[in-house]
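The following report concerns the single model shown here. Its headings proceed from one helix to the charges, the overall chain and the backbone.

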Amino acid sequence: MQEITPCLWFDSNAEEAVNFYASVFKKSKIGKISRYGEEGYEIHGKPAGTVLTVEFELNGQTFTALNGGPVFKFNEAISFQVSCKSQKEVDYFWEKLSKGGDAKAQQCGWLKDKYGVSWQIVPTVLGEMLQDKNTEKSERVMKALLQMKKLDIKKLKQAYGQR
């Protein structure tokens, strides 16, 4: 059992967002849905029967989505990293998650989806290159990375291998 579960606060579209994320990640499932009742209406203002929380799983990671109202908004201080083994995976997740999102928030593999959630679409090889003991190589990779929005594995490898 997972001991820490991220809870994502949405205004009123948690179920819609969860359905979207479940369509993007192949290994996903939607779990229990709880709904607001009559109790506490004067505080939450949600009609009875409105979705309160949705439990869901993406690639084995459990999340909770909450319809908490407009009080809080997502920002880049929290993001979810998606590790990709190939450029095909990078392209897939970038295309799916960035569609309808904030194009101005795209940099260095980061994007913001249409719900305001930040994601990092990262090739697994990037960590190896950035952690190389040869600082010339790792700094060339960092320089190349800083010029990109969606990460390009071929260009990162070219920067890594330059002499």
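## Helix α3 and S98

S98 lies in helix α3, where helices are DSSP runs of H or I with at least four residues, strands are runs of E with at least two, and both are numbered from the N terminus. With a relative accessibility of 13%, S98 is classed as buried; the term buried applies under 20% relative accessible area, exposed over 50%, and partly exposed in between, with a 1.4 Å probe and protein chains only. Apart from neighbours within four places in sequence, S98 contacts F93, Q106 and L111, a contact being heavy atoms within 4.5 Å.

The model is a predicted one, in which local features require pLDDT of at least 70 and side-chain atom pairs count only at pLDDT 80 or more, whereas totals for chains, interfaces and linings use all residues. Residues are numbered from 1 along each chain as its sequence is written, and side-chain values use heavy atoms, with hydrogens and water left out.

Helix α3 covers residues 87-98 and also holds K96. K96 has a relative accessible area of 35% and is therefore partly exposed.

## Positive patch and charge distribution

K96 joins K26, K99 and K114 in a positive surface patch. Patches consist of residues with over 30% relative accessible area and no salt bridge; like charges are joined within 9 Å, and nonpolar side chains (Val, Leu, Ile, Met, Phe, Trp, Tyr) within 5 Å.

Across the chain there are 24 positive and 20 negative charges, and their mean positions lie 10 Å apart. Lys and Arg are counted as positive and Asp and Glu as negative, while His and the chain ends are not counted. Each charge is placed at NZ of Lys, CZ of Arg, CG of Asp or CD of Glu.

## Salt bridges

How many salt bridges does a search of the whole structure find? The search finds two, each requiring a side-chain nitrogen of Lys or Arg within 4 Å of a carboxyl oxygen of Asp or Glu.

One salt bridge pairs the side chains of E76 and K112 at 2.8 Å, N to O. These partners connect distant parts of the chain, 36 residues apart: E76 belongs to the loop between β4 (61-67) and β5 (79-84), and K112 to strand β7 (residues 110-112). E76 is partly exposed at 39% relative accessibility, whereas K112 is buried, its relative accessible area being 14%.

A salt bridge is also formed by the side chains of K150 and D91, at 3.0 Å, N to O. This pair likewise links distant parts of the chain, with the two positions 59 residues apart: K150 is in the loop between α5 (135-146) and α6 (153-161), and D91 is in helix α3. K150 is partly exposed at 33% relative accessibility, and D91 is partly exposed at 28%.

## Overall architecture

The chain contains six helices and eight strands. Read from the N terminus, its elements follow the order β-α-β-α-β-β-β-α-β-β-β-α-α-α. Along the principal axes, the C-alpha atoms fill a box of roughly 70 × 30 × 25 Å.

Of the 163 residues in the chain, 37% are buried. Among contacts with a separation of 6 or more, 60% involve residues 24 or more positions apart. The exposed area of the chain is about 10,200 Å², of which carbon and sulfur atoms supply 51%; accessible areas come from the Shrake-Rupley method with a 1.4 Å probe, and for residues only the protein chains shown count as cover.

## Loops and backbone angles

K27 is located in the loop between α1 (14-24) and β2 (28-35) and is exposed, with 63% relative accessibility. Not counting residues up to four places away in sequence, K27 touches E57, L58, N59 and G60. The C-alpha atoms of K27 and I43 are 37 Å apart, although the two are separated by 16 residues along the chain.

Most residues other than glycine have a negative phi. N59, however, has a positive phi near 50°; this residue lies in the loop between β3 (51-58) and β4 and is partly exposed at 42% relative accessibility. C108 also has a positive phi, near 55°. C108 is placed in the loop between β6 (102-107) and β7 and, at 16% relative accessibility, is buried.
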